[in-house]
Amino acid sequence: MKYDEKKRSGGGGGGGGIVEVNPKPKKGVASKVVDYIKKLIVKLMYDSSRPHHYLSGNFAPVPDETPPVTDLPVLDHLPCVNRALLGFCLNGEFVRVGPNPKFAPVAGYHWFDGDGMIHGMWIKNGKATYVSHYVRTSRLKQEEYSGGSKFMKIGDLKGLFGLLMVNMQMLRAKLKIRDVSYGTGTGNTALIYQRGKLLALSEADKPYVLKVLEDGDWQTLGMLDYDERLAHSFTAHLKVDPFTENYATFMDLPLYFRPKEMVKDNKLIFPFDATKKSRFGEEDEVVLITCHLENPDLDMVNGTVKEKLENFTDELYEIRFNMKTGLASQKKLSAPVVDFPRINECYTGRKQRYVYGTILDSIPKVAGIVKFDLHSEPEEGKKKIEVGGNVEGVFDLGPGRFGSEAIFVPREPGITPEEDDGCLIFFVHDENTGKSAVNVIDAKNMSSDPVAVVELPHRVPYGFHAFFVSEVVREIQHLRTGVIVTMEDGCVYNANYAILSVSIGALQSDLISTNLENNAQQRWKMEAIEKLDVMVYTKMFLKFPYKFWPCGPEKEFFIYAHERRGYYTFWQHMENAYPGSNILVVTLTNGESKRVENQSDEETLKEAMEVLRDMFGPNISNATDILVTRWRNNRFQRGSCSNYPAIFNHQVVQNIKAPVGRFFFTGEHTSERFNGYVHGGYLAGIDTGKALLEEMRKEKERNSQNQLFLLEPLLALTLTQTDSSVSRSVQHKSDIPKHLHL
């Protein structure tokens, strides 16, 4: 099968078709001969006494996939609190991928070799459902077809034996015994949500697209190649940056593919060259918070498991790059051993304060979760991770209990709430009992008492990266008979009608994909939405220990004049509305608003205090707290409100608020009189609700009329038969009714 003959399915909200993975491996004499040659090489050259520790204990694969298991037992540790947190904060699906080989290896096995299996816990209103499935890769499908392990393993790639295994793989591909046109990846490394699609990733392969179903189950849709624009493999460790418009960071690290050294030195084919420098590409100054591993050796997770780490320096680092000066610097932030660093994803690409990492007991075993405060200095001379300095909290899993990467889930999305207001969720396996669970802990206080523990029906093997998919609308399809709403977690809801009340900024962004833009007859709707301006302004609230500004009648607002337009211009105190609050509010608009939203609260507070001291003197008190609204950077808003131009076509206004069949629109931007105001949104909601009720009434009336129309032939037939029964005695059996309406 040629590449351009591959079948594609719909692109969905993210754009770019999905290739249906349908490999065509060949069986026959050539396949049997190659298999025989490989078996002979293994018998003569491979040391079968070498242990496969990464196939034993809780590294061993689970034998079967698990369909949805509902109503899992939830152990409450904080009554009346955890239910609210588990039900409100965590509606969505927690998924983690890892290696789970379906077939036993013929020879060597590396931890990275296993087929990707995703373990997921679907949480809805305080109830949990567990499910697990393989990522249906081309590699897995072909080995299922063959009934055994047929692809080359990383664990094979050492010495002369490894070179022969590489050549056997190339021979299989050349003879079409293995179909490599879809790649040879496992989908076992990481999960990410990108442009409306949940993707399973592995290094040196293309992404696989997953769909989460309404009951928490999920399926593999196929491979994503962005309409054939992705002609090469894809990294498994990318980050989607929703905020910055200026920077991209690429890591060029000296991990090489070296067959000669593999044969000569009997080393793994992927060595790290410590004599070469790591390189990064970016613009201006970029700060990278990452884990720094000195001289990594992939052979550490191959063969024998090292129970304790020796000379293993995996630590948290801050690395700064300045392309203007050409200088780079780094700063160690932790003692060893830390890995799997995660943050509040709302702060991706922004300056963040908190980092959550895993404490490793052995290379693949997570013994605890640690919370770092980047605003604090690390304690020097520390040999292990413990509270103090920049370590704000540690959650110890206890003896014989090991976990996984912990994912931060905010109580509320965005960067206006406190950065650490949320919870951490991760898998835990107890080697003492052989049981696995999902733990939920409070990310703010890192209490040793979990918020909730969800017991799982069977063990979950140790694995790699995790992800949490929340319930966010990403696609709405308008049909003649109803609407189809697709959520960020892949769930699909069907309804007779839908009301869309998101902001005009969100409508103009790529947050929600609709089929309106692709329909020429409905293009008028999107054209009207695109013509409306989005107002960008930022409100900043400053709390003080006492008042130093004038109060009283007609003294609520004051203005600051500056050579820069809009620089902290409009000020208001809150004493009239909230006496004794000691709060000042300043409003910034457009360019200044955008600038302030992209800097830290500390930088903003410093600027605001300089302005206030310029107005009220140098001896005023410092603010004790600050709250900066960042509506432009919030993906659910992308601005503050709509802004109707002074001269505006009335028909455009009508088109903005007009429904499209069963698809209704509301919000302050649909209010011609009060657009830009809260009460505009409130009144528009009432009007839209009334319009929908009226449309439902009309539809019911139309359905009644249609039913009556369909019943008329039956009624006519019934009446005719009733009338004729009176004179049945004089009718022949061959007589038929005279009035039959069809």
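Two strands are said to pair if DSSP finds at least two bridges between them. Helices (H or I, at least four residues) and strands (E, at least two) are DSSP runs, numbered from the N terminus. With these terms in hand, a good place to begin is strand β8, which is joined to strand β9 (residues 197-201) by five bridges, the two running antiparallel. The structure is a predicted model, in which local features need pLDDT of at least 70 and side-chain atom pairs count only at pLDDT 80 or more, while totals for chains, interfaces and linings use all residues. Residues are numbered from 1 along each chain as its sequence is written, and side-chain values use heavy atoms, with hydrogens and water left out.

The chain as a whole comes next. Its secondary structure comes to eleven helices and 39 strands. Of the 742 residues in the chain, 47% are buried; buried means under 20% relative accessible area, exposed means over 50%, and partly exposed lies in between (1.4 Å probe, protein chains only). About 37700 Å² of the chain is exposed, with carbon and sulfur atoms supplying 53% of that area. Accessible areas come from the Shrake-Rupley method with a 1.4 Å probe, and for residues only the protein chains shown count as cover. A contact means heavy atoms within 4.5 Å. Among contacts between residues at least 6 apart in sequence, 66% join residues at least 24 apart.

Strand β8 (190-194) follows the loop that begins after α4 (159-174). Five of the five residues of β8 are buried, so the strand is largely enclosed by the rest of the structure. In a regular strand the side chains alternate between the two faces of the sheet. In β8 both faces are covered: A190, I192 and Q194 are buried on one side, and L191 and Y193 on the other. Within the pairing with β9, I192 stands opposite L199.

The loop leading from α4 to β8 also contains K176. Most residues other than glycine have a negative phi, and most peptide bonds are trans. K176, although not a glycine, has a positive phi of about 65 degrees, and this residue is partly exposed, with a relative accessible area of 48%. E554 is likewise not a glycine and has a positive phi, here of about 60 degrees. E554 is found in the loop between β33 and β34 (557-559) and counts as exposed at 84% relative accessibility. A cis peptide bond, with omega of about 5 degrees, joins P336 and V337. V337 lies in the loop between β16 (327-332) and β17 (338-342).

Another enclosed strand is β36 (residues 583-589). Five of its seven residues are buried, so β36 is largely enclosed by the rest of the structure. Strand β33 (residues 537-543) runs antiparallel to β36 and is joined to it by seven bridges; here K539 has T587 as its bridge partner. Strand β35 (residues 570-573) also pairs with β36 in the antiparallel sense, over four bridges, and W571 stands opposite V586.

Two buried residues illustrate other surroundings. P105 sits in the loop between β5 (92-99) and β6 (116-124) and is buried, with a relative accessible area of 15%. Leaving aside residues up to four places away in sequence, P105 touches H52, L55 and S149. The C-alpha atoms of P105 and G155 are separated by 9.4 Å, although the two residues are 50 apart along the chain. R474, in strand β27 (residues 473-478), is buried at a relative accessible area of 12%. A polar atom of the R474 side chain lies 2.6 Å from the backbone oxygen of L511.

The tour ends at the surface. V29, V33, Y36, I37, L40, L44, M45, L160 and V263 form a nonpolar patch there, with about 850 Å² of accessible area together. Patches are made of residues with over 30% relative accessible area and no salt bridge; like charges are joined within 9 Å, and nonpolar side chains (Val, Leu, Ile, Met, Phe, Trp, Tyr) within 5 Å. A salt bridge is a side-chain nitrogen of Lys or Arg within 4 Å of a carboxyl oxygen of Asp or Glu. Helix α1 (residues 29-45) provides the largest share of the patch, seven residues. I37 lies in this helix and is partly exposed, with a relative accessible area of 35%.

Methods: A polar contact is a pair of N or O atoms within 3.5 Å; within protein, one must be able to donate a hydrogen and the other to accept it, and residues adjacent in sequence count only if both atoms are side-chain atoms.
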